[in-house]
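Me: Please take a close look at one part of this model and then set it among its other features. Give the cut-off behind each term once.

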Amino acid sequence: MELLGRTKDILGDLIAFPTVSRDSNLEMIAYLAEKLETAGAQVDIQLDLSGTKANLFATVGPDAPGGIVLSGHSDVVPVDDQPWSFDPFAMTEQDGLIYGRGSCDMKGFIAAATALADRFAGLELQRPVHFAFTYDEEIGCFGARALMQQLEKREHKPAMVIIGEPTEMRIIEGHKGCYEYSTHFHGSEGHGSAPELGVNAVEYAVRYAARLLELKDDLRGRADPMSRFNPPWTTVNLGALTGGSAHNVIASKARIDWEMRPVHSSDADFVKGQLEEYCTRHLLPAMQSVYPEAEIVTEVIGEMDGLEVVDENAARDLVASLTGTNDADVVAFGTEAGIFQKCGMNVVVCGPGSIMQAHKADEFLAESQLASCLDMLEKLADKLDRPAPRN
Ligand SMILES: [Zn+2]
């Protein structure tokens, strides 16, 4: 298996770049750019505002519609305080398993795609094949968002995206989103003996929290009975409620940290709309009648879009034809998929390794998984290698 050997060499190099999200990924991006350029790809590097991180977007084949994107994130989660048996940033092979930070999440897929770049470049492609390697997926998908702005400007947007997050090569056509917020309540302080002279932020936070819990129940009623998610509805979690200073002081500040995991973005819009209405109609008028500067401010910590299951999904169908199975599933973990989907592309998540190993000490990728991934990509190359129809 010459191809598998080459892929493992690349994977070893990739693991050796410690691309923890807080640090730069530029060396790894430069390495991949060099490999892809040598293979014959046209490479675009997109720096972030800090200049320390970059996306790579590379293309082989014609500038034409219908392109297929092979996508992966370049960053990895930290290894701090994790009991590793090996050097996390050096690839170690043992008993058919490849150990190293990022081996399954998701440098294995990036290595496989890169190893096949020259193969794709050698075909008479009718539509382009793209390689999209992003930054900052693990801390909010900032790279993918920036990439979308870039792709929106292109004449031909890609049509399909395969995201190689670890699914053990199963076809994943949907996952929930993850929206996180901190809602801040600003009231006015005063003595506990005269509550009508102050605006108690803790009291308003509690009323807001109670409204959130009502909405949490409403969301159960909005669930699609056919939904395959577990649980099938959009969930809400009140993670933390803090505020105030002492028994006898009217609290001027309070905060609620909460999240929702929407099955559909319409559920998220529903919750946001209901909260907005509750604040503008009920809470704020009451607060501001005592203290005009009182306010409620919701800070967006992160809004990772879900991958919504759709009937027509050419990317899912393509991967099904390559892997020979029609079983498509949904998962609980989030990816960049929703960002590509919102941009109008068909998206499927399918990649080597198991999410059970991701983010943990002794993260590994089974070599057999890497081989299956290469097999899928080789079949993709075969499929795209069709002579042009004559007209
Ligand atoms: Zn990942």
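The metal site and its setting

Reply: Asp105 has a relative accessible area of 4% and is therefore buried (buried means under 20% relative accessible area, exposed over 50%, and partly exposed in between, with a 1.4 Å probe and protein chains only). Glu165, at 3%, is buried as well. This is a predicted model, in which local features need pLDDT of at least 70 and side-chain atom pairs count only at pLDDT 80 or more, while totals for chains, interfaces and linings use all residues. Residues are numbered from 1 along each chain as its sequence is written, and side-chain values use heavy atoms, with hydrogens and water left out.

Both residues bind the zinc ion, whose donors are His73 (NE2), Asp105 (OD), Glu165 (OE) and Glu165 (OE), at 1.9 to 2.5 Å. Donors are N, O and S atoms within 2.8 Å of the metal (3.2 Å for Na, K and Ca); since water is not among the atoms, sites may look incomplete. The angles subtended by the four donor atoms run from 54 to 138°, so the arrangement is irregular. Four donors are tetrahedral if all angles lie between 85 and 135 degrees; four are square planar and six octahedral if opposite donors are over 155 degrees apart and all others between 65 and 115; anything else is irregular. For reference, ideal angles at a metal are 109.5 degrees for four tetrahedral donors, and 90 or 180 degrees for six octahedral ones.

Along the sequence, the donor residues follow the spacing H-x31-D-x59-E. Asp105 sits in helix α3 (residues 103–115) and Glu165 in the loop between β7 (160–163) and β8 (171–175), so this pair ties together parts 60 residues apart in sequence. Helices (H or I, at least four residues) and strands (E, at least two) are DSSP runs, numbered from the N terminus.

Next, the empty space. The largest pocket has a volume of about 390 Å³. A 1 Å grid over the protein atoms alone is used: a cavity is a set of points where a 1.4 Å probe fits but cannot get out, a pocket is an open set with protein on both sides within 12 Å along at least five of seven lines, and lining residues have an atom within 4 Å of a point. Grid points are joined across faces, edges and corners, and a volume is the space filled by probe spheres set on the points.

The lining of the largest pocket has 20 residues, with Glu137, Glu138, Gly140, Met304 and Gly334 nearest its centre. α5, β9 (178–186) and β14 (295–304) each give at least two residues to this lining, and β14 has the largest share, four residues. By class, eight are nonpolar, five polar and seven charged; here Ala, Val, Leu, Ile, Met, Phe, Trp, Tyr, Cys and Pro count as nonpolar, Asp, Glu, Lys and Arg as charged, and the others, Gly among them, as polar.

The second largest pocket holds about 270 Å³. It is lined by 14 residues, and those closest to its centre are Tyr208, Lys272, Leu275, Glu276 and Thr298. α7 (265–290) and β14 each supply at least two lining residues, with α7 giving the most, six. Nine residues of this lining are nonpolar, two polar and three charged.

Some aromatic contacts complete the picture. The whole structure has six aromatic pairs (rings of Phe, Tyr and Trp, the last by its six-membered ring, pair if their centres lie within 6.5 Å; planes under 30 degrees apart are stacked, over 60 edge-to-face and the rest tilted). Phe120 and Phe131 pair edge-to-face, 6.5 Å centre to centre with 70° between the planes. Phe185 and Tyr208 are also edge-to-face, at 5.2 Å centre to centre and 75° between the planes. Phe185 belongs to strand β9 and Tyr208 to helix α6 (residues 201–221), so this pair ties together parts 23 residues apart in sequence. Phe185 is buried at 1% relative accessibility, and Tyr208 is buried at 3%.

Strand β9 also holds His184, which is partly exposed at a relative accessible area of 22%. The C-alpha atoms of His184 and Thr298 are 6.1 Å apart, although 114 residues separate them along the chain.
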